[in-house]
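Reader: I would like to understand how the terms used for a ligand site are justified. Could you take me through them with care?
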Amino acid sequence: MADTFLSGRTALVTGSTSGIGLAIARALAAAGAKVAINGLGTPDQVANAIAEVDAAGSGGTRHFGADLRDPDAIAAMMDELAAWSGGGIDILVNNAGIQHAVPLHEMPVQKWNDILAINLSSAFHTMRAAMPAMAARGYGRVVNIASVHGLVASKDKAPYVASKFGIVGLSKVAALEYAAQGSRDSGGITVNCICPGWVETPLIEPQVEARMAGGSRDDGVRALLAEKQPSLRMTLPDEIAALAVFLCRREAHNITGTAMPVDGGWTAQ
Ligand code: NAD
């Protein structure tokens, strides 16, 4: 029988119309949570994402279309979520992210602004709104999807690396501020980052294509892995989701302020 230990809990997963976010939304729903999804996409993509998350759990999934570049849209979403969840969400997964890989001097200013807004500032806005209600209840989980690029740098990714180092720092501050809230029995308030290496999602496609050199997609994937990820295996979105669900367990009450690599040894080198 499925372990629905999150029954009665509510969650928001940003950027969950695709990739890692959609996998996390499905996994939280399967563990019993009522899940709000967010993210861009065609009406069909959004409808499919809602249907997938509904099918994974008990239904009631709702999509919030806020563009995370817009702080006012985030504030409106968080107000609506407080009503939808009956007083504030229990689990916040800041996952939405974009990438643009070119050398620093070629990086368009608009890309810098968008990447910092989506990958970093949106997490500040959602955490600021959601965490006081978590503290009042004695249980809350913030899982921020950072990256190995929150721990080490690569060239051609100035705004991405800056945003991911930023979200690791932001998470550590919030972890300290909320560490003493709640109890072992209530589960406490924890804030952690998951730091994936290469994960099979649409986000990495341009980087795979750039390495195909006239060959197949598999050739591009092999070249990408060979550069950085010693396991030479991609991570699957469901594998990141399994870790996010574990962090939501009561038993994980003392895991806070961490930045956990899931990177096949990338950052061990
Ligand atoms: P993806 O492209 O499959 O999904 C990104 C999601 O973010 C989508 O739902 C998209 O609609 C949403 N999004 C983009 N711009 C938005 C905006 N302005 N407002 C609201 N939502 C927006 O990518 P993914 O690989 O699943 O990435 C998810 C997270 O994982 C990102 O933060 C990414 O940096 C991180 N990550 C991915 C990898 C990887 O190899 N795929 C590695 C490390 C970290």
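Reader: From which domains does the shell around the ligand draw at least three residues each?
Author: The shell draws at least three residues from domain 1 (10-199 + 235-268) and at least three from domain 2 (201-234), where the bounds come from an automatic or database domain assignment. This is a predicted model, in which local features need pLDDT of at least 70 and side-chain atom pairs count only at pLDDT 80 or more, while totals for chains, interfaces and linings use all residues. Residues are numbered from 1 along each chain as its sequence is written, and side-chain values use heavy atoms, with hydrogens and water left out.

Reader: What makes the pair formed by Tyr-160 and the ligand a polar contact?
Author: A polar contact with the ligand is a pair of N or O atoms within 3.5 Å. A polar side-chain atom of Tyr-160 lies 2.6 Å from a ligand oxygen atom, so the pair meets that cut-off. Polar backbone atoms of Val-199, at 2.7 Å, and of Gly-197, at 3.4 Å, also lie within the limit from an oxygen atom of the ligand.

Reader: How do you know how much of the ligand the protein buries?
Author: Accessible areas come from the Shrake-Rupley method with a 1.4 Å probe; taken alone the ligand exposes 820 Å², and the protein buries 93% of that.

Conventions:
Polar contact = N/O pair within 3.5 Å; in protein donor to acceptor, adjacent residues only side chain to side chain.
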